[in-house]
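Open the model in your viewer and keep the selection tool at hand. The stops below go from one selection to the next.

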Amino acid sequence: MPPSVLICLADGCEETETVTTADLLVRAGVTVTLASANDDGSCLVTGSRGIRIMADVPLVRVADTPFDAIVLPGGLKGAENLRDSPLVIEKIRRMHCDGHIVAAICAAPSVILVTHNLFPLGNMTGYPALEDKIPAKQWVNQRVYFDERVNLLTSQGPATAIDFALRLTERLCGQETAAKVAAELVLPPGIWDYQDTPYRTLADQG
């Protein structure tokens, strides 16, 4: 059975982070479920730039479904809406307690995870302008960072969404699959191509 990932959406979510993550995971053979946490139960989500995304299901319908990872896109308003959903927060807590991956990008680490103190011991990155919202002892200034101690994956913003999705692919499906997906893309310098161990960026390869 392929790995499964739940991507939580709400009005105001960042479109690039949402769609890029979903796209690359699907390329890797991961089963992806887009779930809307909108209060009205609507599956039609309006992103931070006004682009509409149709979720697969309302979150309430899959709240008790097991997944291998949960993804929290950024977009300030979207992250705030996810933060204010008790169902989202409970799902994150359950995923974390069960040892599954929690993945958050852009505004989501500070707005959702820090606000609810979900990872008091986990190191993380996030949108640079929100660095002051993350405790200094936990801040890591990297495009994407995985804290193996707590299975927490975080990333900085729309332009790091490919890094974010590839790293999640590597954790769920292995380096070989991540490398295969990376090979299908025209990667900019600085993104790992997963061809070597230890990882080497395209810029390092000249």
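**Stop 1: α5 against α6**

Select Leu166, Thr169, Glu170 and Cys173 in α5, then Gln175, Thr177, Ala178, Val181 and Ala182 in α6; these two sets of residues meet. The model is a predicted one. Coloured by type, the residues of this contact come out as five nonpolar, three polar and one charged. The axes of α5 and α6 cross at roughly 145° and come within 7 Å. The crossing of α5 and α6 is right-handed.

**Stop 2: the two sides of α6**

Keep α6 (residues 175-183) on screen. Which residues of α6 are buried? Ala178, Ala179, Val181 and Ala182 are. These residues cover an arc of only 165° around the axis, so they lie on the same side of α6. Rotate to the other side of α6 to find Glu176, Lys180 and Ala183, which are exposed. Now show what covers the buried residues of α6: the cover includes α1 and α5.

**Stop 3: Gln195**

Move along the chain to the segment after α6, where Gln195 is placed. Gln195 is partly exposed, at a relative accessible area of 47%. With neighbours within four places in sequence left aside, the contacts of Gln195 are Gln175 and Ala179. Draw a C-alpha to C-alpha distance from Gln195 to Gln175: the two are 7.9 Å apart in space, and 20 residues apart in sequence. Ala179 was already met at the previous stop, among the buried residues of α6.

**Stop 4: α1 against α5**

Select helix α1 (residues 15-27) and helix α5 (residues 161-173). At what angle do α1 and α5 pack? The angle is about 35°, and the axes are 9 Å apart. The crossing of α1 and α5 is right-handed. On the α1 side, pick Thr16, Glu17, Thr20, Thr21, Leu24 and Leu25. On the α5 side, pick Ala161, Ile162, Phe164, Ala165, Leu166, Leu168, Thr169 and Leu172. The residues of this contact divide into nine nonpolar, four polar and one charged.

**Stop 5: the nonpolar cores**

Which residues of the largest nonpolar core touch the most other members? Select Val5, Ile7, Leu9, Leu153, Leu166 and Leu168, out of the 38 residues in that core. At least two residues of this core come from each of β1, α1, β2 (31-36), β6, β7 (101-105), β8 (144-147), α5 and α6. The most comes from α5, which gives six residues. A second, separate core has 32 residues, including Leu6, Ile89, Ile134 and Trp139.

Return to Val5 and show its surroundings. Not counting residues up to four places away in sequence, Val5 touches Leu25, Val30, Thr31, Val32, Thr33, Phe67, Ala69, Val71 and Leu172. Two of the residues on that list, Leu25 of α1 and Leu172 of α5, also take part in the contact at the previous stop.

**Stop 6: helix α2**

Finish with helix α2 (residues 76-83), where Gly78, Ala79 and Leu82 are buried. Look down the axis of α2: its buried residues fall within an arc of 100°, so they line one face of the helix. Then display the elements that cover these buried residues, among them β1 (4-9), β6 (69-72), α3 (86-97) and α4 (108-114).

Definitions and conventions: Residues are numbered from 1 along each chain as its sequence is written. This is a predicted model: local features need pLDDT of at least 70, side-chain atom pairs count only at pLDDT 80 or more; totals for chains, interfaces and linings use all residues. Side-chain values use heavy atoms; hydrogens and water are left out. Buried means under 20% relative accessible area, exposed over 50%, partly exposed in between (1.4 Å probe, protein chains only). Helices (H or I, at least four residues) and strands (E, at least two) are DSSP runs, numbered from the N terminus. The arc is that of the directions from the helix axis to the C-beta atoms. Contact means heavy atoms within 4.5 Å. Axes are lines fitted to C-alpha atoms, for helices over the stretch in contact, and angles run from 0 to 180 degrees between N-to-C directions. A crossing is left-handed if the near helix is turned anticlockwise from the far one by less than a right angle, and right-handed if clockwise. Ala, Val, Leu, Ile, Met, Phe, Trp, Tyr, Cys and Pro count as nonpolar, Asp, Glu, Lys and Arg as charged, and the others, Gly among them, as polar. A nonpolar core is a set of buried Ala, Val, Leu, Ile, Met, Phe, Trp, Tyr and Cys residues joined through side-chain atoms within 4.5 Å.
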